[in-house]
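User: I'd like to learn how to read surface patches and salt bridges. Can you walk me through them?
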Amino acid sequence: MGRLSRGLVAGAVGTTALEAAGYLDMAVRGRPASRTPERSVRRLARTAGLDLGRGRRARNRRTALGALLGYATGAGVGAGYAVLKRDRMPGRLAPVTLAGAAMLAANGPMSALGITDPRRWSAQDWAADVLPHLAYGVATATTYRMLSRGA
C-alpha cells in the first residue's frame, strides 16, 4: 500500500473517530447536531449556481453533502499528512498536528464563508470542536503508523 493510500485510509479512520466523539458529546450533553455543514453546502451551492431543489429534498441533500464534505476533509487531511510527513517528526506531535490541520481544514472555509466565527465561540463550543478533532488526530496518526509498519 502506497503512502497516499495509507494516508487516505488513516484519514477515514480518523474521521470515524471524530464522528464517534462528536456523537458521544451530543449524547452526554443532549446538544443538537451542528448545522454548519449544511449551511456551508447551501452557501457553496448558491455561489456555484447549483439548484439543490426545494423543501425537504433540498434539506436532505444539504445534510448529505455536508456529511460528505466532512468525510472528504478527513480523508484529505490524512492524505496530505502522508504526502508531507517526514520521519523526523516525533510521533507524539503527529496527533496534535493532525488535529490542528483538520480543524483548520474544516473551520477555515466555514469562517471564510461567514458561517462561523471561532473568535466568538464559548469554552463549550471550543471543547465540542477540539476534543473530536483530537480523537481524529490520535486515530489518524495511529492508523498511519500501523499501516506504515506493515508496508
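Analyst: Sure, helices come first: helices (H or I, at least four residues) and strands (E, at least two) are DSSP runs, numbered from the N terminus. Val83, for instance, lies in helix 3. This is a predicted model, where local features need pLDDT of at least 70, side-chain atom pairs count only at pLDDT 80 or more, and totals for chains, interfaces and linings use all residues. Residues are numbered from 1 along each chain as its sequence is written, and side-chain values use heavy atoms, with hydrogens and water left out.

User: Which residues form the nonpolar patch on the surface?

Analyst: Patch members have over 30% relative accessible area and no salt bridge; like charges are joined within 9 Å, nonpolar side chains (Val, Leu, Ile, Met, Phe, Trp, Tyr) within 5 Å. Here they're Leu4, Leu8, Val83 and Leu84, sharing about 390 Å² of accessible area (Shrake-Rupley method, 1.4 Å probe, only the protein chains shown count as cover for residues). Helix 1 (3-29) and helix 3 (55-84) each supply at least two of the patch residues.

User: How many salt bridges does a search of the whole structure find?

Analyst: The criterion is a side-chain nitrogen of Lys or Arg within 4 Å of a carboxyl oxygen of Asp or Glu. That search finds six. One of them joins Asp25 and Arg29 at 2.8 Å, N to O; they sit four residues apart in helix 1, so about one helical turn separates them.

User: Is Asp25 buried or exposed?

Analyst: Buried means under 20% relative accessible area, exposed over 50%, partly exposed in between (1.4 Å probe, protein chains only). Asp25 has 19%, so it counts as buried, while Arg29 is partly exposed at 35%. Asp25, Arg29 and Arg31 are linked in a salt-bridge network.
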